[in-house]
Amino acid sequence: MIRIEGIVAFVAVVEAGSVSEAARRLRLSKSVVSERLSELERSLGGVLLHRTTRKLTLTEDGTAFLERAARIVREIDEAAADMAVRRGSLAGPLRIAAPVTFGRMHLGPALYPFLAAHPEIELTLDIDDRRVDVSSEGYDAVIRHGPIVDSRLVVWKLSRSRRLLVATPDYLNRAGRPATLADLDHHKGIFYTNRGNADWRFQTPEGALVVRAKFSVGMNNGDMIRDAAVAGLGVALLPAFIAGPAVREGLLEEIDVGYRPEPEFIYMAHPEGRNPSAKLRAVADHLRRTFKDPPYWDPAG
């Protein structure tokens, strides 16, 4: 007989990448997870994973079994969550990925009261600026600032997210205040490397225009880009949720070059073909109400 515990263990190990990490997520010992995997393989009459001391690799049978196994685990989780909703509560595991700065400054503070009101939700929030693969890494959803072009994802808008072109007053006094997009060609740029040096896009009557300032500094974290701008190293194009406080305090000055940066949004995205759970919908609705539109963090809001 195939036991559901073995299927859950198998999916968890594949998504986590190791038995030890799967055991941590499942709150079990490594030996229990390993035994459940072995029992599942005995029941199926085949090997699902090649195990070495360094890595786990799916066998051909394991690859064929994984899709349906993962679907079974999701259906069970969603069925349990739906039962909780019928009882008037939201419950069960929920795994979300989000960028570092937004997660620390805004997402965490927004989620804490929601989690306090729904103590049966077991949230794992992974904060990382890298682009995660939502489906293959086992996330229920990802939260992102800026465009999401993955056709495998269903995207929900949470709030608008205006970007600000900023520099310190001292830098602008030294280097001159750019008044046009062409003026930016002569200024030092501080760039977000995860989005490349074609990230400075502005709305014009002719459509989107990409502006490339002279490369000064490249970083993959918004906090550090803001700090580099505050240090006077050049001009940065930052989301209002990062630059807003520094603008209000006078540490940074918003620059008007006649055209606005292209509008962007804070999104939540979940895998296509997977019915979002009631708790995920509840989280999204809570975040929309908390962030508001225009969002509370925008100095012009």
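**Close-up views of a predicted model**

**View 1. Helix α8 packs across two strands.** Helix α8 (residues 240-248) lies across β7 and β12 (235-239), at about 115 degrees to β12. Contact here means heavy atoms within 4.5 Å; axes are lines fitted to C-alpha atoms, for helices over the stretch in contact, with angles from 0 to 180 degrees between N-to-C directions. Helices (H or I, at least four residues) and strands (E, at least two) are DSSP runs, numbered from the N terminus. This is a predicted model, where local features need pLDDT of at least 70, side-chain atom pairs count only at pLDDT 80 or more, and totals for chains, interfaces and linings use all residues. Residues are numbered from 1 along each chain as its sequence is written, and side-chain values use heavy atoms, leaving out hydrogens and water.

**View 2. An open sheet with mixed pairing.** Its 5 strands follow the order β11-β8-β12-β7-β13. β11 (214-219) and β13 (253-254) are at the edges with a single partner strand each, so one side of each has no neighbour in the sheet. Strands pair if DSSP finds at least two bridges between them; β7 (residues 163-167) and β13 run antiparallel, joined by 2 bridges. One pairs valine 166 with glutamate 254 of β13.

**View 3. Histidine 187 in its loop.** This residue sits between α6 (169-175) and β8 (188-192). Histidine 187 counts as buried (under 20% relative accessible area, 1.4 Å probe, protein chains only) because its relative accessibility is 4%. Its side chain comes to 3.0 Å from that of tyrosine 171 in a polar contact, and reaches the backbone oxygen of glycine 176 at 3.3 Å. A polar contact is a pair of N or O atoms within 3.5 Å; within protein, one must be able to donate a hydrogen and the other to accept it, and residues adjacent in sequence count only if both atoms are side-chain atoms.

Definitions and conventions:
Buried means under 20% relative accessible area, exposed over 50%, partly exposed in between (1.4 Å probe, protein chains only).
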